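Let's take a walk through this structure together. Have the sequence and the 3D view at hand, and we will go from one turn of the chain to the overall form and back to a single side chain.

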Amino acid sequence: MARLNVNPTRMELTNLKRKLTTARRGHKLLKDKQDELMRRFLDLVRENKELRRKVEEGIEESNRHMALARSVMSDSSLDVALMMPSQKMSLDVSEKNVMSVMLPVFDTKLENDIYSYGFAFTSSDLDAAVKSLSDIMPYMLRLAEVEKSCQLMSAEIEKTRRRVNALEHVMIPQYEETIKYISMKLDENERSSTIRLMKVKNMMLEEARRKAIEHDREAALEMS
């Protein structure tokens, strides 16, 4: 792993150690976030699968009843019966924050009856088809909500995964390698300084010993 291009100083070493601590803390938080996002994503996927099954079964049942209704009713009678729907539905879309992901929330309100026609000249299969569609409408809206939530959650998981990998495989190793390099450089400089000081000390001791010998020699000459 390539180290950072920095000056090997104690101040830089302190800064890098602080950054490494922050990076490790951020990595742990992001990893926990990724695990929680994955858990909630899997819950949504399971709910999505169950909702899709219910919706497909409801649509299949409605189509089956509609086909029977068409077999006993004329196209004109069927068109007249379904021409003016009486039920109204309002949809309120809001958002909720889940692990920093804004997920959609659908809130519906229904008004009036689902049947917009009289029962005297229509088939019971048409009533069953309309009832089946009405029954699966909440599941269809929830399915749309869950599928969009899965898309948003999946994108956030991928983004978080890239950040976790960048910290784990790039930034943290770079910090560790650079800290190791600076520490070795500082130790090497300290050893060099110690050796120089020892050499200077030895030179000073040697100079003092030489002067002492010369002083003793001069003193001996004076006495003789």
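A good place to begin is M99, which sits in the loop between β1 (88-98) and β2 (101-111). Keep in mind as you look that this is a predicted model. M99 is not a glycine, yet its phi is positive, at about 55°. Its neighbour in this story, S100, lies in the loop between β1 and β2 as well. S100 also has a positive phi, here about 70°, and it is not a glycine either.

How do these two residues stand towards the surface, buried, partly exposed or exposed? M99 has a relative accessible area of 27%, so it counts as partly exposed, since that value falls between the 20% and 50% cut-offs. S100 reaches 54% relative accessibility and therefore counts as exposed, the limit being over 50%.

Now step back to the whole chain. The protein has three helices and two strands, and if you read along the sequence you meet them in the pattern α-α-β-β-α. The strands β1 and β2 that flank our loop are thus the β-β of that pattern.

What does the overall form look like in numbers? The C-alpha trace spans about 155 × 25 × 20 Å along its principal axes. The radius of gyration tells a matching story: the protein has 41 Å, whereas a compact globule of 224 residues would have a value near 17 Å. Of those 224 residues, 25% count as buried. The exposed area comes to about 15,800 Å², with carbon and sulfur atoms supplying 56% of it.

Contacts and charges add to the picture. Among contacts in the protein with a separation of 6 or more, 78% are made by residues 24 or more positions apart. As for charge, there are 39 positive and 37 negative side chains, and the centres of the two sets lie 9 Å apart.

Let's finish with one residue, S62, which is found in helix α1 (residues 10-72). Is S62 buried or exposed? Its relative accessible area is 3%, and because buried means under 20%, S62 is buried. Which residues does S62 touch, leaving aside its neighbours within four places in sequence? They are A129, S132 and L133. With A129 you can look at the atoms themselves: a polar atom of the S62 side chain lies 3.2 Å from the backbone oxygen of A129.

Conventions. Residues numbered from 1 in each chain as written. Predicted model: local features only at pLDDT ≥ 70, side-chain atom pairs only at ≥ 80, totals over all residues. Heavy atoms only, no water. Helix = DSSP H or I, 4+ residues; strand = E, 2+ residues; numbered from the N terminus. Rg over C-alpha atoms; globule rule 2.2 N^0.38 Å. Buried < 20%, exposed > 50% of the residue type's maximum accessible area, 1.4 Å probe, protein only. Contact = heavy atoms within 4.5 Å. Areas by Shrake-Rupley, 256 points an atom, 1.4 Å probe, with all protein chains shown as cover. Lys, Arg positive; Asp, Glu negative; His and termini not counted. Charge placed at Lys NZ, Arg CZ, Asp CG, Glu CD. Polar contact = N/O pair within 3.5 Å; in protein donor to acceptor, adjacent residues only side chain to side chain.
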